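Trainee: I have a model open and would like to go through it with you. Could we begin with the surface and then turn to the sheet?

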Amino acid sequence: MTKKDIVLRIADETKIKQINVKKVVQKTFDCIIESLIRGEKIELRNFGVFKIKERRARTGRNPRTGEIVPVPSRKVVVFKSGLEMKQKIR
């Protein structure tokens, strides 16, 4: 499912114009991204939690050459699904 599919579905079910739904959906995503940039955790009840996790530096291996390569530390976004989502998916 794409963002466009989400917009179309919401617009169809709520009878709100697609352009207005698209603005709200995009603003929602923007707010989530801005909060993550600030290091905040986003908790959406019954849906899940988005947060930033730092992966520590490590040594890796190039699969083609077998050469050992240093992999620097980096920040990644992690998502943990909420209880209600887990139950519905099962």
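Mentor: Happily, and one definition comes first: patches are made of residues with over 30% relative accessible area and no salt bridge, with like charges joined within 9 Å and nonpolar side chains (Val, Leu, Ile, Met, Phe, Trp, Tyr) within 5 Å. A salt bridge here is a side-chain nitrogen of Lys or Arg within 4 Å of a carboxyl oxygen of Asp or Glu, and accessible areas come from the Shrake-Rupley method with a 1.4 Å probe, where for residues only the protein chains shown count as cover. This is a predicted model, in which local features need pLDDT of at least 70 and side-chain atom pairs count only at pLDDT 80 or more, while totals for chains, interfaces and linings use all residues. Residues are numbered from 1 along each chain as its sequence is written, and side-chain values use heavy atoms, leaving out hydrogens and water.

Trainee: Which residues form the nonpolar patch on the surface, and what is their accessible area together?

Mentor: Look at helix α2, residues 18–37, where I33 is found; helices (H or I, at least four residues) and strands (E, at least two) are DSSP runs, numbered from the N terminus. I33 is partly exposed, at 48% relative accessible area, a class between buried (under 20%) and exposed (over 50%). The patch joins F29, I33 and I37, and together their accessible area is about 310 Å².

Trainee: Is K15 buried or exposed?

Mentor: K15 sits in the loop between α1 (3–14) and α2. Its phi is near 65°, a positive value in a residue other than glycine. With a relative accessible area of 70%, K15 is exposed.

Trainee: What is the strand order in the open sheet?

Mentor: Two strands pair if DSSP finds at least two bridges between them. β1 and β2 (residues 48–55) run antiparallel and are joined by 3 bridges, while 8 bridges join β2 to β5, also antiparallel. β1 (42–44) and β5 (74–81) each have a single partner strand, so one side of each is left without a neighbour in the sheet. The order is therefore β1-β2-β5.

Trainee: Which residue in the hairpin turn has a positive phi?

Mentor: Start at the paired strands: I42 stands opposite F50 in β2, and L44 stands opposite G48. The hairpin of β1 and β2 leaves 3 residues between the strands. The one with a positive phi, about 65°, is partly exposed at 49% relative accessible area: N46.

Trainee: Which residue in β5 stands opposite K53?

Mentor: β2 and β5 run antiparallel. Opposite K53 stands V76.

Notes
Buried < 20%, exposed > 50% of the residue type's maximum accessible area, 1.4 Å probe, protein only.
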